[in-house]
Amino acid sequence: MKKLGLHDIRKEYLEFFRDKGHLIAPSFSLVPKNDKSLLLIGAGMAPLKPYFTGEKTPPSKRMATCQKCIRTGDIDNVGRTARHATFFEMLGNFSFGDYFKKEAISWAWEFLTERLELDPNDLWVSVYHEDDEAYELWNKMIGIPEDKIVRLGKEDNFWELEVGPSGPCSEIYVDRGQAYGCGKETCKPGCDCDRFLEVWNLVFTQFDKDENGIYHPLPNPNIDTGMGLERIATIMENTDNIFEIGAIKDILNKVLEISGYKYGSDKEKDISVRIITDHIRAITFLVSDGVVPSNEGRGYVLRRLIRRASRHGKLLGIEDTFLDKVADVVINSWMVEYKELKENETQIKKVISIEEEKFKETINQGLNILENMIEELSQNNNKILDGERAFKLYDTFGFPPELTSEILKEKGFEIDLDGFNRCMSDQRERARRAREETDSGWGNKDKDDITVGIKSSFIGYETLMANTIVNAIIKDNNIVEKLVEGESGFIILEETPFYGESGGQVGDKGLIKFENGLAVVEDTKVTPSKTMIHHVVIKNGELKVGDNVFAEVDVNLRESTMRNHSATHLLHKALRNVLGNHVSQAGSLVTPTRLRFDFTHFEPLTKDQIRKIEEIVNNEILKAQEVKTEIMTLRDAQEKGIIGLFEEKYGEYVRVVSIGNFSQELCGGTHVKNSGQIGMFKILSESSVASGVRRIEALTGFNVYQYIYELEENINKIASTVGGNKQNVVEKVSLIIEESKNKELEIKNLRKKLILDSVDDIINKAKTIGNLRLIIHDCEDMSPQEMRELGDIIKSKLNDGVIFLVSRDEDKIVFISMATEKAVELGVNVGVLVKHASNVVGGNGGGRKDLAQGGGKFADKLDDALKEIEILLREQLKI
């Protein structure tokens with residue numbers, strides 16, 4: 001057997017099948033392309049599915065890949081078993097109607113026994129119990145003895161979907177020896193022990209299964225094989241588990257170096273080391289493929305992995321962020337095959353660091369709260385943490401429910417996951433209702449769509465005015481025959497130039513003119529049945545069903561909206577150019593006055609990035625490029641890589657909007673004819689709207705001119721106020737600010753001197769209570785910081801007393817109290833004094849025995865509060 005490492009095996013495999021006439025394709029992204037059925041790629045054949053189903057023609061009838069994969073279904077077993085992993089690489093060779101069982105079997109045997117030099121005596125195979133053809137090939141062609149060929153049933157050796165391609169499979173096993181076995185004479189492949197390790201699965205896709213469960217032979221059967229790279233590496237490196245493979249052990253050793261932990265000295269900490277070692281590969285490759293942490297979809301998978309790894313780092317005693325340092329090992333080792341890791345190195349480490357830092361800010365507090373919850377459960381003999389409290393940990397401290405469940409499980413408790421999911425659903429429902437409450441007029445929230453079947457067509461791409469007919473009128477959600485002067489309602493036109501709100505673009509406004517009458521269109525919506533419906537107010541006359549009308553869109557508003565909509569496309573592309581291909585649209589709002597664009601990104605944009613994005617967009621505007629729209633099939637658009645929304649449901653045909661060669665997107669909105677018509681683009685703000693989602697608000701066209709004009713007016717006003725002009729206004733303002741700072745410092749020093757001068761007078765007014773002196777002093781409008789400074793000075797001159805300071809302004813009272821060491825020894829606790837006084841004035845407070853702060857809002861209760869200070873103090877001194 002050759003001594004080959006993980007990276008060597010990958011190279012050998014791909015070279016072997018290149019020699020067999022296979023096209024060697026690089027690994028596809030972990031993010032599925034044009035496949036909404038998958039969240040992440042979890043099998044070698046998954047990206048090739050369209051070739052197996054016949055949807056697409058493969059670039060070659062023979063292909064081989066080493067596909068990166070992620071599976072998190074067994075995440076709880078990762079680190080606890082020798083085999084489970086969230087990230088793995090799958091070696092696979094595929095035939096699309098070319099070769100079949102004979103070649104697949106002979107090449108697999110050749111690769112294992114000749115290229116890898118495995119001992120043929122150590123290899124066993126299994127076949128589907130009805131697949132005599134495969135059995136004969138293994139026995140007669142390859143020469144494997146009958147007692148080393150095991151027939152297994154459908155559960156083990158048949159691959160199928162509910163409907164579609166299916167077929168038997170044959171698996172190759174390595175006999176690791178009796179030391180790994182169960183000792184039974186019947187032990188062979190299929191046994192639950194660890195003796196026989198399956199390394200390669202050959203799937204013979206020879207049937208097409210129909211809806212009735214009948215298997216029809218395929219005229220051109222396919223081959224789909226899969227061999228786990230890590231698993232074969234354990235054989236080639238003669239290790240007991242994947243964590244001892246050379247390349248992966250390098251990661252493990254980095255974790256040990258950072259933590260200072262000695263591997264093997266604690267069973268539970270060993271598990272933590274292995275979990276980090278596993279997760280960091282998944283984390284690194286996910287970020288490299290453009291995934292950013294979020295609370296949804298694949299972003300949530302990434303967030304969960306990072307936070308789980310971070311928490312296990314804490315269990316090893318690592319207090320600082322560290323995962324980016326471990327990612328270095330992955331990048332430098334795996335870049336031999338995945339060059340994009342090095343290209344994306346900066347982004348990978350930045351995303352990991354930011355997410356780990358976010359979690360670090362809340363993990364300690366969250367863990368403390370969870371520990372208190374566990375203690376409370378234990379005291380009440382309860383083994384289940386209710387869903388509402390688990391949801392609070394998630395919502396407030398960012399603890400994924402899976403992490404909470406894992407920590408509970410370690411302590412012998414469990415989570416009420418159904419209760420958690422109910423809380424999550426309730427929160428989403430509240431958010432949905434909040435969105436609907438902001439919706440005016442007709443919205444998609446209406447369950448009963450009474451517009452179904454009413455004829456209406458949109459002609460607003462070509463024209464902004466049209467002679468048309470009123471097909472229906474709706475008032476108070478009922479079909480009516482007419483609207484009269486002063487009434488409002490909804491009308492449906494046979495043909496309409498008005499665009500209905502959708503895709504983030506607001507609806508058109510305008511006028512509808514009819515004989516002896518006029519209606520103002522205040523908004524246009526799209527009903528669930530895709531009908532354009534116009535919210536109108538009748539200014540004069542009477543509008544009836546069947547009337548001929550002239551519909552006229554407000555040209556200025558529509559053109560301003562089009563400028564903003566086209567600008568969002570340019571902005572989207574510019575963001576991807578500057579920040580990376582992980583950027584995707586997360587929402588938008590396009591109005592006549594401004595645009596808002598939400599996008600996935602992991603950190604605030606810098607000033608330089610914002611400037612660069614503005615420059616790119618304005619440069620494309622100045623090129624005055626043609627804006628084209630065309631209708632094509634969704635498949636054609638996807639094959640051209642045209643951007644669409646992952647969550648959007650598209651029909652068979654889609655509308656593609658292209659701005660020169662710069663931007664192509666699927667879009668049903670209205671756009672300018674030429675990028676030059678946008679005029680100019682200016683970003684107003686960039687902010688966060690959710691974890692992993694940023695928002696840009698911007699202006700275009702005449703709105704930019706108005707913005708610049710208002711800025712210039714403000715600059716002129718400031719210049720006039722400070723006695724300067726536009727050229728020297730910054731210098732003048734800076735000078736005034738500096739003078740102001742100096743005066744503030746001078747005032748502060750004077751106030752401090754006054755405070756010092758008043759200390760003796762304050763002490764002389766102290767009241768003796770037992771063996772102590774009590775000082776209650778009104779500091780009037782002093783700041784809390786000044787009060788503390790005064791208190792410290794008094795305390796330094798007072799060996800045996802209690803200080804209670806009060807300040808007030810229009811809407812609140814502040815208390816600061818201090819006690820000397822001798823006072824505390826006699827039983828004084830100013831934390832209790834402040835808490836009680838604060839409650840009296842309608843607030844709260846507290847602190848230590850020798851220092852406390854609080855306050856409230858009821859100034860009329862202040863005298864009552866101060867009277868009780870002396871009473872409480874006497875109780876504490878027991879006099």
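**Salt bridges, pair by pair**

Author: In this predicted model, Glu110 and Lys20 form a salt bridge, with the closest N and O atoms 3.1 Å apart.

Reader: What makes Glu110 and Lys20 a salt bridge?

Author: The cut-off is within 4 Å, from a side-chain nitrogen of Lys or Arg to a carboxyl oxygen of Asp or Glu. Glu110 and Lys20 come to 3.1 Å, so the pair counts. By this rule there are 47 salt bridges.

Reader: And which parts does the Glu110 and Lys20 pair tie together?

Author: Glu110 sits in helix α3 (residues 101-115), while Lys20 is in the loop between α1 (6-19) and β1 (23-25), so the bridge joins parts 90 residues apart in sequence.

Reader: Why is Glu345 called buried, and what is Lys342 called?

Author: Buried means under 20% relative accessible area. Glu345 has 17%, so buried it is. Lys342 has 35%, and partly exposed covers the range between 20% and 50%, so Lys342 is partly exposed. Their side chains meet in a salt bridge at 3.1 Å, N to O.

Reader: How do you know that Lys726 and Glu712 form a salt bridge?

Author: Their closest N and O atoms are 2.8 Å apart, and the limit is 4 Å, so they qualify. Lys726 lies in the loop between α19 (701-721) and α20 (729-764) and Glu712 in helix α19, so the pair links parts 14 residues apart in sequence.

Reader: Why is Lys726 called partly exposed?

Author: Exposed would need over 50%; Lys726 has 40% relative accessibility, so it counts as partly exposed. Glu712, at 35%, is partly exposed too.

Technical notes. Residues numbered from 1 in each chain as written. Predicted model: local features only at pLDDT ≥ 70, side-chain atom pairs only at ≥ 80, totals over all residues. Heavy atoms only, no water. Helix = DSSP H or I, 4+ residues; strand = E, 2+ residues; numbered from the N terminus. Buried < 20%, exposed > 50% of the residue type's maximum accessible area, 1.4 Å probe, protein only.
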